[in-house]
Amino acid sequence: MIGIIMFGVCLAMLLWGFPVAFTFGGVALVFGLIAEGPELFAFMPFRIMSVMQNTVMMAIPLFIFMGVVLQRTRLAEQLLTSMGRLFGGLPGGLAISTILVGALLAASTGVVGASVVAMGLISLPVMLAHNYDKRLSCGTICASGTLGQIVPPSIILIILGDVLGLPVGDLFKAAVIPGLVLVGLYIAYILVLTRLKPQTAPAMPDNSGLSRKQEIVSALIAIIPPLALIVIVLGSIFTGIATPTESSALGGVGALVLAIAYRQFSFRMIWESARDTVKVTAMVFAILIGATAFSMVFSYTGGDYLLEEWMLALPGEKWGFLILSMLVILVLGFFIDFVEISFIVVPILAPIAELLGINMLWFAILIAMNLQTSFLTPPFGFSLFYLKGVSPPSVKTTDIYKGVIPFIGLQALVLILIFIFPEWFGMSSTSGY
């Protein structure tokens, strides 16, 4: 039972506010010394070295760098301005523009925090100035900013590819349809809501002085550069020309080219982007090293065998295991980040899924879609904190919490659809497909 007790201690310490990486690493050290002694950690240097030599994980800092550079090119501001002019005349047009820009930013940057903050600073004041409902405005920004979790190139898909031993390119391909379906449902929700309650998102009067043709041209000028970068990065992966790691390097260079094109390039910008990249990457890998120590102690103390026996004895076999797994990940997402869940929980569940003959690609997409909700679910949803940090004082925390609830429901709907009808998304529930 030592492994189960370890997990409980970690959750308690996280709720008390201890840093994630040190919590998992410290708990592993204490319980490992109690259970086996210092000899247990003799192989830790080799485990850490294997993590550092992993070429798949090299894509993480490169994609983060690409996202940070694009954030500093004022890409989001130009996209939102152009899309706002294009759709602002429609009821809910600003919200639809925010969702479309969120999807483009997700596919070109994959950095959730940057997307939410950028749209919170640019889009939220405009929405509130045009009498949009506060809850709808906050929910739209949080949900669209969080699309970076499922729309490739996604950091979580790279991590899951490494943890589950799956080709990252296959995961990117499998995530395209669920991501597009989610964007479509978000837009459909806005259209239905504005039809039923027009006062929640009134049409924006056109004060730009531009003709319809000029508005379309302006929107295309803002959309084509990031869209070209998306096509180059993802296209090189999908066609097999480059690996995800090579494509991430290509994306970094492409982001610098766009910075030059937008006249935002400077050595100071590169320095600040590199510094921010190192901060985020160091956080991810610190958690990974702590999680590696935790999983090693968990396995050596027999926690994985105990969990495996219990999971295999569930009623419904494969389906019982999947339902419980998704519920556990959903509940954990209320309290801990997607990185910890990916490095701690997923490696424990993966061997059981393989024993039950589950298609691991399908399993990975289910986990990724489930983990996306962790950014929106109170009390510790990161997107909620990102938006609250940049929102005006008139926007209360309760407005943000209430605003994301419909979008959490839409994410749960897509998760259920992938679960019940995997063939609709080009996948199979059984292995070997």
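Visitor: Which glycine takes a positive phi just after H13?
Guide: Quick house rules: this is a predicted model, numbered from 1 along each chain as its sequence is written, where local features need pLDDT of at least 70, side-chain atom pairs need 80 or more, and totals for chains, interfaces and linings use all residues. Side-chain values here rest on heavy atoms, with hydrogens and water left out. Helices are DSSP runs of H or I, at least four residues, numbered from the N terminus. Right after H13, phi reaches about 85° at glycine 302.

Visitor: How far does H13 reach from its first C-alpha to its last?
Guide: H13 has 34 residues. The expected span is 1.5 Å times one less than the number of residues, giving 50 Å for this helix. The model comes close to that, with H13 reaching 49 Å.

Visitor: Which residue other than glycine has a positive phi near 60°?
Guide: Look in the loop between H12 and H13. The residue there has a relative accessible area of 77%, so it is exposed (over 50%; buried is under 20%, partly exposed in between, with a 1.4 Å probe and protein chains only). The residue with that phi is arginine 263.

Visitor: And where is asparagine 131?
Guide: Asparagine 131 also has a positive phi, about 65°, although it is not a glycine. At 58% relative accessibility, asparagine 131 counts as exposed. Its place is the loop between helix H7 (112-129) and H8.

Visitor: How many disulfides does a search of the whole structure find?
Guide: A disulfide would need two cysteine sulfur atoms within 2.5 Å. Take cysteine 142: the nearest cysteine sulfur, on cysteine 138, is 6.6 Å away, and cysteine 142 is in no disulfide. Over the whole structure, the search turns up zero.

Visitor: Is cysteine 142 buried or exposed?
Guide: Its relative accessibility is 0%. Cysteine 10, at 1%, counts as buried. Cysteine 142 likewise counts as buried.

Visitor: Which residues does glycine 252 contact, leaving aside neighbours within four places in sequence?
Guide: Glycine 252 is found in helix H12 (residues 244-261). With a relative accessible area of 7%, glycine 252 is buried. Counting heavy atoms within 4.5 Å as contact, its partners are Phe65 and Met66.

Visitor: How much space lies in the largest cavity?
Guide: A cavity is a set of points, on a 1 Å grid over the protein atoms alone, where a 1.4 Å probe fits but cannot get out. Points are joined across faces, edges and corners, and the volume is the space filled by probe spheres set on them. The whole structure has one cavity of 30 Å³ or more. The space in the largest cavity is about 30 Å³.

Visitor: Which helix gives the most to the lining of the largest cavity?
Guide: Lining residues have an atom within 4 Å of a point, and here they include Met66, Ala107, Ser108 and Leu229. Two helices each supply at least two of the lining residues: H6 (93-108) and H11 (212-238). With four residues, the top contributor is H11.

Visitor: Which peptide bond is cis, with omega near 0°?
Guide: One of its two residues, proline 153, is among those lining the largest cavity. Proline 153 is found in the loop between helix H8 (134-145) and H9. The cis bond runs from proline 152 to proline 153.

Conventions. On a 1 Å grid over the protein atoms alone, a cavity is a set of points where a 1.4 Å probe fits but cannot get out, and a pocket is an open set with protein on both sides within 12 Å along at least five of seven lines; lining residues have an atom within 4 Å of a point.
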